[in-house]
Amino acid sequence: MTREEEKKFVEECRSWLGMKWIHGQCLKGYGVDCIQFIAAISKFMGWLDEKYEIPPYPRDWALHCAESKIEQEMGKYCRPVELSELKVGDILLYKFGRCNSHAAWYLGTGRAIHSHIKRGVEEFDINEPEMSKHFTRAMRWKGRG
């Protein structure tokens, strides 16, 4: 991304701060869950078709499935990257339950943003223990270097 694109990306992500977490929803100004947040920003940036719809998923799927629905779907559009190669706009995956079930956007300088089930959309330090112990991998949209 250019500096201007990075700025646009970070500003849009931060414009969601304070939205509450609502499973399966994406309504800016009201609430969003983590994967819907990823899709909304991806559409805003033009990385994902506006008509794309996330396949339905029950709230507790990660407690019962060993395969990550998030990772399977994202694998169609993203490729893995090393943590040491993180760039603004990369997606961080976290394991809660039996598989990767949570996603966040990397904002740069060790900061990320996600929709947290208890706190809604918030920015956090990727090295804080609460999140870092659940981190599993990073992904980048194909074609983004």
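Buried residues account for 46% of the 145 residues in this protein, which is presented here as a predicted model. Its overall dimensions fit that picture nicely: a compact globule with 145 residues would have a radius of gyration near 15 Å, and the value of 14 Å found for the protein agrees. Along the principal axes, the C-alpha atoms fill a box of roughly 40 × 35 × 30 Å. Among contacts with a separation of 6 or more, 57% join residues 24 or more positions apart.

The secondary structure consists of five helices and eight strands, arranged from the N terminus as α-β-β-α-α-α-β-β-β-β-β-α-β. On the outside, the accessible surface comes to about 7800 Å², with 51% of it belonging to carbon and sulfur atoms. The protein carries 23 positive and 21 negative charges, and the mean positions of the two sets are 2 Å apart.

Aromatic side chains deserve a closer look, with nine aromatic pairs counted. Phe-9 and Trp-105 form an edge-to-face pair, because their ring centres are 5.1 Å apart and their planes meet at 80°. Since Phe-9 belongs to helix H1 (residues 3–14) and Trp-105 to strand E5 (residues 99–108), this pair ties together parts that are 96 residues apart in sequence. Phe-9 is buried, at 0% relative accessibility, and Trp-105 is likewise buried at 0%.

Tyr-94 and Phe-124 make another edge-to-face pair, at 6.4 Å centre to centre and 65° between the planes. With Tyr-94 in strand E4 (residues 91–96) and Phe-124 in strand E7 (residues 120–125), the pair ties together parts 30 residues apart in sequence. Both Tyr-94 and Phe-124 are buried. Finally, ring pairs link Phe-9, Trp-47, Tyr-52, Tyr-77, Trp-105 and Trp-141 into a cluster.

Terms used
Residues are numbered from 1 along each chain as its sequence is written. This is a predicted model: local features need pLDDT of at least 70, side-chain atom pairs count only at pLDDT 80 or more; totals for chains, interfaces and linings use all residues. Side-chain values use heavy atoms; hydrogens and water are left out. Helices (H or I, at least four residues) and strands (E, at least two) are DSSP runs, numbered from the N terminus. The radius of gyration is taken over C-alpha atoms; the globule rule is 2.2 Å times the number of residues to the power 0.38. Buried means under 20% relative accessible area, exposed over 50%, partly exposed in between (1.4 Å probe, protein chains only). Contact means heavy atoms within 4.5 Å. Accessible areas come from the Shrake-Rupley method with a 1.4 Å probe; for residues, only the protein chains shown count as cover. Lys and Arg count as positive and Asp and Glu as negative; His and the chain ends are not counted. The place of a charge is taken as NZ of Lys, CZ of Arg, CG of Asp or CD of Glu. Rings of Phe, Tyr and Trp (its six-membered ring) pair if their centres lie within 6.5 Å; planes under 30 degrees apart count as stacked, over 60 as edge-to-face and the rest as tilted.
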